[in-house]
Every structure is written in C-alpha cells, then in structure tokens.
Amino acid sequence: MKKQHCESSDHFVNRRLFLQGGAMSALGVTVAGLGSPLEAWAAAPSLQKSHKRVLMLWLAGGASQFETFDPKPDAPREIQGEMGSIPTSLPGVRFCEGLPRVAAIANELTVVRSMTHPYPVHGVAYAVSGIPTYDPSLEARPRDSRHWPYIGSVVDHLARKTSTSAVPRNIALPWMLNSKTDLLVNAGPFAAFLGQAHDPVWTDYTGKGIRTVPHYTDGQTKDFHDPFGGCTADGRFQLSEAAVPPHDVHPARLGDRLSLLDQFDRARGEIDGEARRTSFDQQREQAYSLITSSKVRNALDITREPIGVRESYGMTLFGQGCLAARRLVEAGSKFISVFWDGFGQFGNCAWDTHNNHYPRLKEYLLPGFDVAYSGLIRDFKARGLLDETLVMCISEHGRTPQIDSKPKGAGRHHWSRVYSAVFAGGGIARGKVIGASDKIGGDVKDCPVSPKDVLATSLTLLGLDPHATVPDPQGRPMPVVGDGQSRIEMIG
C-alpha cells in the first residue's frame, strides 16, 4: 500500500443563449452576463495546453465514510456499525463490504481519507465553489449574489481560449439539481458572477424508475419508484428544454434570424470593443452549435451502446449517467458532472441517511454505486480514456461516528470534520491512500484536505491556473477556488 502523510495543518435561466423566451431575442442582442464587469476581462492564460477532462461524480446528501472508503473494523460496535469490511487490491487497505467491485480496482484509485471543512450542513455550493464561508440559507437560493462560480463554470470560462468543441465544455446530468424533489432547485452548479452564459448545460431524463427504494424517513407514507434504484432500458438523456429551440422555429426561420444577426454583428463591430465582440460571438457560436449539431444529441444517446456495455455500468440512473458521461468525454466535453440526486422528496434523500441507514445502503445506495463506479473506471481504462480524464467522486460531508439507533434502520447524521473522497485518472497516482482519520473516524489524524484544495488540484491537472482570479460584480478580483491549494505534489 502506498500511503501519503503530510503535516496537519428565484428564476432559473439556462446558460445557453437560445432560450425559450424569444430564441435569444430573435438571436439579437440580449445575452446573459453581457454588461457585467466580466465582459472586458480576458481569460487567465493556461499553465500549459491540455486535452484533459474532468468527470465529477456527486453523491448528494453526504456519503458515509464508514460504509464506503474508511471502515473501522477495530472500533466499538456503535462506531463500526453492522456492516463489515473487506480487503482490496491494495495490501492493507480495506473498504466497506458493500463495495466488492470497487475494492477490486482500488489499485487504480487514490483515496483521500482526510477531507475536512467546518460546515456540517448540506452545502453543495460550498464544496464546488471558492466561496470562503457558508450560510445554509444560501442552499435554496441559487441566484443569490453572494454565491461564487461553480468549478465547472470556472473551467468553462478559463478554457474558452484553448478549448473548442461541438459539445458543451460544461454539461451536467441527469437534470437540474434537486429539480425532481418536492423542494426548490439547489444552489451550487451555477456560474454566479461569471454570468449565466457559463452555467452548466443541463440535460433531462425521460426514463422511469422500476422499483420502490427503501423509505427515506420513518414517517414516509408515499413510495417512490426512484430511477437511481433501477431504470428502464429505453430511458434517454436529452438537452433540457431551455437548451433547445422552441418547436415553432423552422430551420429556415432560424437561418433568417442568423442572417439578420450577422448583419447586426457587422454594424455592431464598428462601435463595440474587441473584448465585447469576442465574448458575444463565442456565446452565440456555442448556442448555434447546440441547436444545429447532432453531436451532443448523439453523445447523450446511450441507446447506441450495446446492452452488455450498458449493463456493465448498471441499469440505474447513476450508472447510465456515468455511461453518458463517457460518451461526452469521447465527444470532447471538458467538464462533465453526474449528480446522484434526490428523487421524490428532499428530506433525507439520496445519501443523506439520517433514517433507515442500513436498509438503504445495502439495498439501494451501495449496490448501485459499486456497479456504476467500477464499470466506469474499467471502461475508461480499456478505452484509453483514464489517463486523460480526472474522475473525482465527492460529496458535501460525511456521517457521524456514533450510530443513532433510535430511527428505524439506524442513522448517521451530518459530519464534516473528516470524511472521504476518491479519485482516478487524469494524471494522479494509482493505488494510493492520502491522509487518515482517527481510530473512530471522527477527526483528521493527518494530512487535512479541504474541498477548495480539490478544486485547485483539478484545475492544475487540467493545465489551468489554480490561482486565477475573476472579477466579482464590484470588479474586485476574486480567486476562483478561494483559499484552495493544489495538492498535485501529493496525488500526482
């Protein structure tokens, strides 16, 4: 085993321009983000040219470190819990018994067992942006002016000078975060003061769930056929409605609008500065690409894959989302996000196991993750994609060391003082464990790593400057990953 030690230390508008409300104002002058302090700012130069990609896998709700990558087989029963641990392909390293397929590929992974931050609350936006502090009320306010840009939006912005593609650089699956529950859309994966043009391009999903998953709470009365628990083979990903033209726009009519826009562009060029033209033109070209090219639609069409390949990822929404992500990597996307999101209800959804902890882990969460994640890593490696793709699987926090035996099926609650994350590909080392938690998994023992460090490291691996700044609405230069520091020396 290789082990690394270190010193302790509102209203939503889709990013793309061809929106339902007038098709980019008849493909005219209304562009999200235009007129902000950003428009005159040139992208920070990249550290080096890079063809690498990032695939971010997000386990919503906070996955338990104990029942994934940091089991405590020698801890008391009230800490260890009722699930055992198994050896992995790394000598001396054990994972939860619910992850046998992932344990078999541990030699391809880098596991960080010392993730930490001070906010044991649902904070997607804290974990995926440079925002320095967090107020839980922000989580339900995606367009609040206090938010900082999503890491995928940062990549989209910084890479726009060196990365061109017929598919979006920044795309997220399976649907806008938390949009299929009984509460509001979650904050986090939005571009904030970079401007809505850098929001992820969102997909939607047409398939249905085929099984009832274990209840989220003791008092739950409604059953949910959650597609993350199992989905039909005819389920499809497609661009969300805000990213495609209205049905009444005939291709000829679209051509007329584009012709008019070209005339406007020529006139506008006489009065606008180069920075403004460049920003507008790049956004318009991306919008036009999305609505006229079949490349993104083909990449999202997982029904083109042999059924054996599909089954190797697992016939769950998370597994099929990972497969679609592989196709997007091959098509040229730069930053792809796959969210294991809540479905049906928000309270205690997905990996937020305050209640029914063990039934949900054993019957729903761990089996789906085990097949999807191991299938993805094996497929990426077989296709030669792993070296050029950083796959990072993260969450907002972990779970408490002490098991709460009061709820049905037991529970573990929010815990951010120490938790785990796992990485593969993209130039990081293989078969490595970084940091450690203490004997009960309650605090960092050595080598603390913050969510901001993860963001900085991902930019470094992409060949982008982790110390880049962008202007906030007041024009002040803001570091894109806050106080994050690249840990490339640890994981490379």
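Gln220 is buried, with a relative accessible area of 10%. I start there, and I should say at once that this is a predicted model. Gln220 sits in a loop, the one that runs between strand S7 (201-205) and strand S8 (237-239).

What does the side chain of Gln220 reach? It comes to 2.6 Å from the backbone nitrogen of Tyr216. A polar atom of the Gln220 side chain also lies 2.7 Å from the backbone oxygen of Lys222. If we set aside residues up to four places away in sequence, Gln220 touches His215 and Gln345.

Next, Asn298. This residue belongs to helix H8, residues 295-300. Is Asn298 buried or partly exposed? Its relative accessibility is 27%, so it counts as partly exposed, because buried means under 20%. Outside its neighbours within four places in sequence, Asn298 is in contact with Arg304 and Arg327. With Arg304 there is a polar contact between the two side chains, at 2.9 Å. Asn298 and Ala324 are 26 residues apart along the chain, and their C-alpha atoms are separated by 9.9 Å.

That brings me to helix H10, which covers residues 317-331. Does its length agree or disagree with what 15 residues should give? At 1.5 Å a residue the expected span is 21 Å, and the end C-alpha atoms are 21 Å apart, so the two agree. The spacing is counted over one less than the number of residues. H10 is mostly covered, with 14 of its 15 residues buried. Just after the helix comes Gly332, which has a positive phi of about 115°.

Now the backbone. Most residues other than glycine have a negative phi, and most peptide bonds are trans. Here are some places in this model to look at on the screen.

Leu173 and Pro174 are joined by a cis peptide bond, with omega at about -5°. Pro174 is in the loop between strand S6 (170-173) and S7. Ala192 also lies in the loop between S6 and S7. Ala192 is not a glycine, yet its phi is positive, about 50°. Its relative accessibility is 27%, so Ala192 counts as partly exposed.

Ala350 is another residue other than glycine with a positive phi, near 50°. Where does Ala350 lie? It is in the loop between strand S9 (335-340) and helix H11 (357-382). Is Ala350 buried or exposed? Its relative accessible area is 0%, so Ala350 is buried.

Last item, a cavity. Rolling a probe the size of a water molecule over the atoms shows where empty space is left. The second largest cavity holds about 80 Å³ of space. Which residues line it? From the earlier part of the chain there are Leu59, Ala63, Ser64, Gln65, Thr68 and Phe69. The rest of the lining is Cys393, Ile394, Ser395, Ser420 and Ala421.

Two strands each supply at least two residues of that lining: S10 (389-394) and S13 (419-424). How many of the lining residues are nonpolar, polar or charged? Six are nonpolar, five are polar and none is charged.

To go back over the buried and partly exposed residues: Gln220 is buried at 10% and Ala350 is buried at 0%, whereas Asn298 and Ala192 are partly exposed. That is what I have for today.

Notes
Residues are numbered from 1 along each chain as its sequence is written. This is a predicted model: local features need pLDDT of at least 70, side-chain atom pairs count only at pLDDT 80 or more; totals for chains, interfaces and linings use all residues. Side-chain values use heavy atoms; hydrogens and water are left out. On a 1 Å grid over the protein atoms alone, a cavity is a set of points where a 1.4 Å probe fits but cannot get out, and a pocket is an open set with protein on both sides within 12 Å along at least five of seven lines; lining residues have an atom within 4 Å of a point. Grid points are joined across faces, edges and corners, and a volume is the space filled by probe spheres set on the points. Helices (H or I, at least four residues) and strands (E, at least two) are DSSP runs, numbered from the N terminus. Ala, Val, Leu, Ile, Met, Phe, Trp, Tyr, Cys and Pro count as nonpolar, Asp, Glu, Lys and Arg as charged, and the others, Gly among them, as polar. Buried means under 20% relative accessible area, exposed over 50%, partly exposed in between (1.4 Å probe, protein chains only). A polar contact is a pair of N or O atoms within 3.5 Å; within protein, one must be able to donate a hydrogen and the other to accept it, and residues adjacent in sequence count only if both atoms are side-chain atoms. Contact means heavy atoms within 4.5 Å.
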